[in-house]
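I opened a new notebook page for this one. Below is what I looked up, entry by entry.

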Amino acid sequence: MPLTVLLVDDEPLVRAGLRAVLEAQPDIEVTGEAADGAAVIPLVRRLRPDVVAMDVRMPLLDGIEATRALLRTVPDPPKILIITTFENDEYVYGALRAGADGFLLKRARPAEIVNAVRLVADGESLLFPAAVRQLAARYGTGYGTAAAREELRRAALTGREAEVLRLMARGLSNAEIAARLVVGTETVKSHVSAVLGKLGARDRTQAVIAAYESGFVSPG
């Protein structure tokens with residue numbers, strides 16, 4: 001079965017460009033398009049895409065609110081890939097905190113766009129970890145770091161789980177973490193699942209943001 005994608009952007013040329021790039025791949029199918037976040041939920045319910053690639057700034061409902069609404073109302077929601085012009089944007093950080101799985105730069109090369117969609121669909125790796133560190137440094141304060149520290153304390157991660165979270169925050173994939181720790185990838189997957197479960201995180205992105213906002217990992 002092909003990987004299915006819903007495109008949501010108020011610029012027709014952006015949607016057309018993304019469709020052309022993605023549909024050039026034999027394993028990816030664009031099943032729908034929308035010009036605003038307000039149309040996302042009914043389209044997702046009807047089309048059941050694997051990934052929603054969505055602009056962060058739109059006139060009626062932006063990507064942040066659309067992400068929140070989608071995750072709140074749709075069971076087993078698709079992965080959400082935010083499309084943005086600037087990586088160091090408070091809107092991007094807000095969308096990631098709301099539950100988006102990663103973000104894609106509009107200036108990205110075709111191969112990077114395809115890779116971003118596949119990575120987010122697979123849940124394997126956080127996109128642009130350096131940029132997420134910068135976002136956390138710039139916008140992470142003021143979101144209740146004391147509460148985040150307490151949540152992390154209550155999670156009671158084991159020493160190995162804490163080590164895995166630090167490596168996740170640096171953007172390492174499961175295979176790279178396995179090589180660093182000299183263990184099997186299945187073992188790493190088990191540790192990652194345990195970290196997500198203990199933190200109550202939907203995915204790696206949410207876990208990494210929790211690590212930065214709690215001060216467990218420094219954005220510097």
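**Entry 1: the cores.** Before counting, I fixed the term: a nonpolar core is a set of buried Ala, Val, Leu, Ile, Met, Phe, Trp, Tyr and Cys residues joined through side-chain atoms within 4.5 Å. I also kept in mind that this is a predicted model. Which residues touch the most other members of the largest core? I got V8, M54, L70, L165, M168, I177 and L199, out of 52 residues in that core. I then picked L199 and skipped its neighbours within four places in sequence; what remained in contact with L199 was L152, A155, L165 and A207. There is also a second, separate core, with 20 residues, and L7, V14, A53 and A108 are among them. My background note: in soluble globular proteins, nonpolar side chains tend to be buried together.

**Entry 2: α8 against α9.** Next I turned to helix pairs. Two packed helices are described by the angle between their axes and the distance between the axes. For α8 (residues 159-169) and α9 (residues 174-181), I noted an angle of about 130 degrees and axes 10 Å apart. Roughly perpendicular would need 65 to 115 degrees, and roughly antiparallel over 145, so α8 and α9 are oblique to each other. I wrote down the crossing of α8 past α9 as right-handed. Which residues make the contact? From α8 they are R160, E163, V164, L167 and M168, and from α9 they are I177, R180 and L181. Sorted by type, the residues of this α8 and α9 contact come out as 5 nonpolar, 3 charged and no polar. Two names here rang a bell: M168 and I177 were already on my list of residues that touch the most other members of the largest core.

**Entry 3: α9 against α10.** I stayed with α9 and looked at its packing on α10 (residues 185-199). Their axes are 8 Å apart, at an angle of about 110 degrees. That makes α9 roughly perpendicular to α10. On the α9 side I listed N174, A175, I177 and A178, and on the α10 side T185, V188, K189 and V192. I177 turns up in this contact and in the one with α8. By type, the α9 and α10 contact has 5 nonpolar, 2 polar and 1 charged.

**Entry 4: α1 against α5.** I moved on to α1 (residues 12-23) and α5 (residues 110-122), which pack at an angle of about 75 degrees with axes 9 Å apart. α1 is therefore roughly perpendicular to α5. L18, V21 and L22 of α1 meet P110, I113, V114 and V117 of α5. How many residues of this α1 and α5 contact are nonpolar, polar or charged? I have 7 nonpolar, with no polar and no charged.

While in α5, I checked A116, which lies in that helix. A116 counts as buried because its relative accessibility is 4%. I also took the C-alpha separation of A116 and M58: 21 Å, with their places 58 residues apart along the chain.

**Entry 5: D10.** D10 sits in the loop between β1 (3-8) and α1. Buried, exposed or in between? D10 is partly exposed, because its relative accessible area is 32%. Not counting residues up to four places away in sequence, D10 touches R15, A35, D55, R57, M58 and P59. The C-alpha atoms of D10 and M54 are 9.4 Å apart, though the two are 44 residues apart along the chain.

**Entry 6: positive phi.** Most residues other than glycine have a negative phi. I therefore jotted down R48, not a glycine, with a positive phi near 50 degrees. R48 is in the loop between α2 (40-47) and β3 (51-55), and it is partly exposed at 38%. D76 also has a positive phi, about 50 degrees, without being a glycine. I found D76 in the loop between α3 (63-73) and β4 (79-84), where D76 is exposed at 67%. My other entry is a glycine: G99, which follows α4, has a positive phi near 130 degrees. In α4 (residues 90-98), I marked V92, Y93, G94, A95, L96 and A98 as buried.

**Entry 7: R204.** Last look: R204 is in α11 (residues 204-213). R204 is charged, yet counts as buried at 6% relative accessibility. Its C-alpha atom is 18 Å from that of R153, 51 residues away along the chain.

Technical notes. Residues are numbered from 1 along each chain as its sequence is written. This is a predicted model: local features need pLDDT of at least 70, side-chain atom pairs count only at pLDDT 80 or more; totals for chains, interfaces and linings use all residues. Side-chain values use heavy atoms; hydrogens and water are left out. Axes are lines fitted to C-alpha atoms, for helices over the stretch in contact, and angles run from 0 to 180 degrees between N-to-C directions. Helices (H or I, at least four residues) and strands (E, at least two) are DSSP runs, numbered from the N terminus. Angles under 35 degrees count as roughly parallel, over 145 as roughly antiparallel, 65 to 115 as roughly perpendicular and the rest as oblique. A crossing is left-handed if the near helix is turned anticlockwise from the far one by less than a right angle, and right-handed if clockwise. Contact means heavy atoms within 4.5 Å. Buried means under 20% relative accessible area, exposed over 50%, partly exposed in between (1.4 Å probe, protein chains only).
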